[in-house]
Number of protein chains: 2
Amino acid sequence: MTTSAPSSLKPRKKPQQARASATLDAIFEATIQLLVKDGYPLLTTTRVAERAGVSVGTMYQCFPHKQSLIYAVNERYLEILAEKIEYTCRAALGLPAAAMAEALIDTYWAAKTERPDVTRALYRSVVEMDNEALIAEFAARTEAATTAMFASASNRSFSDVESVNRALVTVIFGTVRNSFERSHSEQEVNDLRRQLIAMCRAYLESCVG
Amino acid sequence: MTTSAPSSLKPRKKPQQARASATLDAIFEATIQLLVKDGYPLLTTTRVAERAGVSVGTMYQCFPHKQSLIYAVNERYLEILAEKIEYTCRAALGLPAAAMAEALIDTYWAAKTERPDVTRALYRSVVEMDNEALIAEFAARTEAATTAMFASASNRSFSDVESVNRALVTVIFGTVRNSFERSHSEQEVNDLRRQLIAMCRAYLESCVG
DNA sequence: ACATGATATGAAGGATTGTTCAGTTTGAGG
DNA sequence: CCTCAAACTGAACAATCCTTCATATCATGT
């Protein structure tokens, strides 16, 4: 994941001593906390350093500029998310297609709901940075995993696996994101998730026939 | 729509002469153009005024501050979008549910695809402003229209119209948005739209049975 | 033609922020 | 204990940007 980051956005140096590594974590955590609390527009390098308990200079030895900080935070987040999805896909190999869709929905929804405020904050932090490469790589990893999964479905008979896969992934990810932008009650969210599963199941059955 | 805007975000004055109205349009257009060309981070009041062919002072007689400008642009955009959706919903009253879903998808997708760059730019401009009220009002208008539509379906037998409606709207809007964040080919997008329609149809049929 | 309010101008102010760098502290290895 | 590079500090700099206001121009009604 780190490999394809534009050179201008890459972190400046990797920590070689223990304290530097701790500093890096503190900076990440401070960034997320401030993003959640005050939002991106109020996120300044000074404030991040202050909150992380380090000086501004230290920050600039880790990241060449503010953008690379935001980039790194999102990269880390997407890395973890991608791993979870890949794990789920691997575990679901060979199952019926409907069970796969349900597993995918559960994993993705759970990952996003784990820390809803962070999810929301990161969704909105993607403005200032060149996120195309990041999203493209995440999408590539995801699609590879899900395509392999759906291709192994025990009841598979899709005319076009890639098309079906793309539809499911786009619908699921999009629905989850949209549900985060509205202010739904917990009940409504749970119901929405159930409806989404039903929708995917009905769609997959209609594909078979 | 304008009524519920926080007072601090409302435009300063309504134009009373012809030239002022023209100025307002020029400012809107300039804002959108710059948003599309350079993105939000590079959108400065000076540049907007320059591009609109007016001075900064003129801008500040229309809008008390930068935020209110962005707010107004998005408000205008959502106003038009809501009208289109309401029109579609009214025209589809009494049709079979599947036809309703298809009409909704067509309208929404067409509205977003009409000027894809503007759509993308506005999706990303929503960071700096307090958009909750805006989105809430849009959602309320939309849900009212779509709920009324689906409740009038000729083949309706939903156990819970509101639940089904919420699911369809969230899925459709979310899918369209997500498809805009990936770089799909035109073929893939068209196929995706067809799959989405198929998915909604299958879902609605499964609701009946 | 005149008066008056609406509209437009743009240089200047005030405040903030990203970034640097010369110097200090820390810690691991010899 | 000493050494040297890695890590850290934070005041200062430079650049930018939002916003204001005193002034000028325009359009309308009389």
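## Salt bridges, chain contact and DNA in a predicted model

Eight salt bridges cross the interface of chain A and chain B. The model is predicted, and the distances below are computed from it.

**The chain A–chain B contact**

One of these bridges pairs R166(A) with E188(B), with 3.2 Å between the closest N and O atoms. R166(A) and E188(B) also belong to a network. Salt bridges with shared partners join R166(A), E188(B), D191(B) and R194(B) there. Side chains of opposite charge can pair when their charged atoms come close.

Polar contacts between chain A and chain B add up to 12 residue pairs, both residues at pLDDT 80 or more. On the side of chain A that touches chain B, three helices each supply at least two residues: α7 (132–151), α8 (161–181) and α9 (186–208). The largest share is that of α8(A), with 14 residues. By class, this side of chain A has 16 nonpolar, 10 polar and nine charged residues.

The contact draws 35 residues from chain A and 34 residues from chain B. The size of an interface is often given as the accessible area lost when the parts come together. Chain A and chain B bury about 3300 Å² between them. Carbon and sulfur atoms carry 61% of that area.

**Salt bridges within the chains**

Over all chains, the structure holds 27 salt bridges. The table lists three that lie within a chain.

| Pair | N to O distance | Sequence separation |
|---|---|---|
| R76(A) and D25(A) | 3.2 Å | 51 residues |
| R141(A) and E79(A) | 3.2 Å | 62 residues |
| E86(B) and R141(B) | 2.9 Å | 55 residues |

What does the bridge between R76(A) and D25(A) tie together? R76(A) lies in helix α4 (residues 66–91) of chain A and D25(A) in helix α1 (residues 18–38) of chain A, so the pair ties together parts that are 51 residues apart in sequence. Is R76(A) buried or exposed? R76(A) is partly exposed, at 38% relative accessibility. D25(A) is also partly exposed, with a relative accessible area of 38%.

The pair of R141(A) and E79(A) links helix α7 of chain A to helix α4 of chain A. E79(A) has a relative accessible area of 23% and counts as partly exposed.

In chain B, E86(B) sits in helix α4 (residues 66–91) and R141(B) in helix α7 (residues 132–151). Their salt bridge links distant parts of the chain. E86(B) is partly exposed, at 21% relative accessible area.

**DNA strand C**

How many residues surround DNA strand C? There are 22, and the closest are Y60(A), K66(A), T23(B), S55(B) and T58(B). Of the atoms of DNA strand C that come within 4 Å of the protein, 67% belong to sugar and phosphate.

Two phosphate approaches come from the closest residues. A polar backbone atom of K66(A) is 2.9 Å from a phosphate oxygen of DNA strand C. For T23(B), a side-chain N or O atom is 2.5 Å from a phosphate oxygen of the strand. A base is approached as well: a polar side-chain atom of Q61(B) lies 3.3 Å from a base nitrogen of DNA strand C.

Both chains supply elements to this surface. Those giving two or more residues are α2 (45–52) and α3 (56–62) of chain A, with α1 (18–38) and α3 (56–62) of chain B. The surface near DNA strand C divides into six nonpolar, 11 polar and five charged residues.

Definitions and conventions: Residues numbered from 1 in each chain as written. Chains lettered and ligands numbered in written order. Predicted model: local features only at pLDDT ≥ 70, side-chain atom pairs only at ≥ 80, totals over all residues. Heavy atoms only, no water. Contact = heavy atoms within 4.5 Å. Buried area = accessible area lost by both parts, 1.4 Å probe. Salt bridge = Lys/Arg side-chain N within 4 Å of Asp/Glu carboxyl O. Polar contact = N/O pair within 3.5 Å; in protein donor to acceptor, adjacent residues only side chain to side chain. Helix = DSSP H or I, 4+ residues; strand = E, 2+ residues; numbered from the N terminus. Nonpolar A, V, L, I, M, F, W, Y, C, P; charged D, E, K, R; others polar. Buried < 20%, exposed > 50% of the residue type's maximum accessible area, 1.4 Å probe, protein only. Near = heavy atom within 4 Å.
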